[in-house]
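Hi everyone, thanks for making time this morning. I'd like to walk you through one structure, strand by strand, and then step back to look at the whole chain.

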Amino acid sequence: MVQVKGGEIWADDTGTDGVAGAAVAGPPLVLLHAGVGDSRMWDPVLPALAARHRVIRYDARGFGSSPAPTVSYTQAEDLRSVLDHYELDRVVLVGSSMGGRTVIDLALNDPGRVAALGLLVPGVNGYDGLDSPEVMEEIGRLATAGDMDGLVALALRLWGGAGPDPDTEAEALLRAAIPAWFTTYGHETPGAPAFDRLGELDLPSTLLLGEQDQPEVIRCNEAMAARIPGCELVRRPDCDHFPTLRAPEAVVESVTGLAERAAAG
């Protein structure tokens, strides 16, 4: 467990040895999960990434194996605590959705620690139109009724358009993650607006967009990629808001390519 302000979070480190004990290359990778899952969302891509790189992943407060928060906190502060715990001076940050929002915040405010930025269907603070009032109202109604099945079904309709039927893997991630939407409410302090500062990101970056994602997310991701200097935009017609489940090979290719760019720079 990693100590953070007023609590602790679960984290995992693959270490500095790759396949058959071979030394791993380049800066470590730090993976931040989406709000529709926890660190288990990285399971489909972790073996391939860990074969070539040291990989650290962790559960945000209230998600997975991390206790729910009891004090106010920010996601970026917790990420910084993870980097300090493992004594990581410079890393490749890879964030999905909620995790993408966090890695952008750290890259803008502590750029010396970030060698490259991998964004999978990311969010960003300060972008208007990402959250639909109708969707938030429906989530509130279902939560008040204690309707977990309804919340899962709504989430799959919004963010799981590329999945199979039944979508057992995404459903399992959602059932585990949804309680954290409410246990973190009132404790997590949002980061400062970042969308208008994306032009300040002077580092290798890749953004993977899922063309079967929620339309608001697609528009946001297109706008983000256009604002980040030199950002490589990867459009995946087979992806929604769960890219590590839908196209793990494409995620591995994007992340390893980004890490190679960071090492070369």
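Let's start where E4 meets strand E6, residues 91-96: the two run parallel and are joined by four bridges. Please keep in mind as we go that this is a predicted model. If you want a spot to put your finger on, find leucine 29, which stands opposite valine 92 in E6.

E4 itself covers residues 29-32, and both of its faces are covered. On one side you have Leu29 and Leu31, on the other Val30 and Leu32, and all of these are buried. E4 has another neighbour too: strand E5, residues 55-58, pairs with E4 in the parallel sense over four bridges. There, leucine 31 is the residue that stands opposite arginine 57.

Now back to E6. How many of its six residues are buried? Six of the six, so to speak a full house. Look at the two faces in turn: Val91, Leu93 and Gly95 are on one side, Val92, Val94 and Ser96 are on the other, and all are buried.

From E6 we can step across to E7. Six bridges join E6 to E7, and here again the strands run parallel. Serine 96 has leucine 120 in E7 as its bridge partner.

Next stop, E8. E7, residues 114-120, pairs with E8 in the parallel sense, over four bridges. The bridge partner of leucine 119 is leucine 207 in E8. E8 spans residues 205-210 and is mostly covered, with six of its six residues buried. Ser205, Leu207 and Leu209 make up one side, while Thr206, Leu208 and Gly210 make up the other.

And E8 carries us on to strand E9, residues 232-236. Those two pair in the parallel sense over five bridges. For a marker, take threonine 206, whose bridge partner in E9 is glutamate 232.

Let me leave the strands for a moment and show you a residue I like, alanine 262. Where does alanine 262 sit? Its place is in helix H9, residues 248-264. Is alanine 262 buried or exposed? With a relative accessible area of 5%, alanine 262 is buried, because the cut-off for that is under 20%.

What does alanine 262 touch? Leaving aside residues up to four places away in sequence, it touches Val92, Ala115 and Ala116. Val92 is one of the buried residues of E6 we just met. Alanine 262 also lies 6.5 Å from proline 204, C-alpha to C-alpha, although 58 residues separate the two in sequence.

Now the whole chain. There are nine helices and nine strands in it. A compact globule of 265 residues would have a radius of gyration near 18 Å, and the chain has 17 Å, so the two agree. Its C-alpha atoms fill a box of roughly 50 × 40 × 40 Å along the principal axes.

Buried residues make up 54% of the 265. Among contacts with a separation of 6 or more, 76% come from residues 24 or more positions apart.

Finally, the surface and the charges. The chain exposes about 11200 Å², with carbon and sulfur atoms supplying 51% of that. There are 20 positive and 39 negative charges, and their mean positions are 2 Å apart.

That's my tour, and I'm happy to go back to any part of it.

Conventions:
Residues are numbered from 1 along each chain as its sequence is written. This is a predicted model: local features need pLDDT of at least 70, side-chain atom pairs count only at pLDDT 80 or more; totals for chains, interfaces and linings use all residues. Side-chain values use heavy atoms; hydrogens and water are left out. The radius of gyration is taken over C-alpha atoms; the globule rule is 2.2 Å times the number of residues to the power 0.38. Buried means under 20% relative accessible area, exposed over 50%, partly exposed in between (1.4 Å probe, protein chains only). Contact means heavy atoms within 4.5 Å. Accessible areas come from the Shrake-Rupley method with a 1.4 Å probe; for residues, only the protein chains shown count as cover. Lys and Arg count as positive and Asp and Glu as negative; His and the chain ends are not counted. The place of a charge is taken as NZ of Lys, CZ of Arg, CG of Asp or CD of Glu. Two strands pair if DSSP finds at least two bridges between them.
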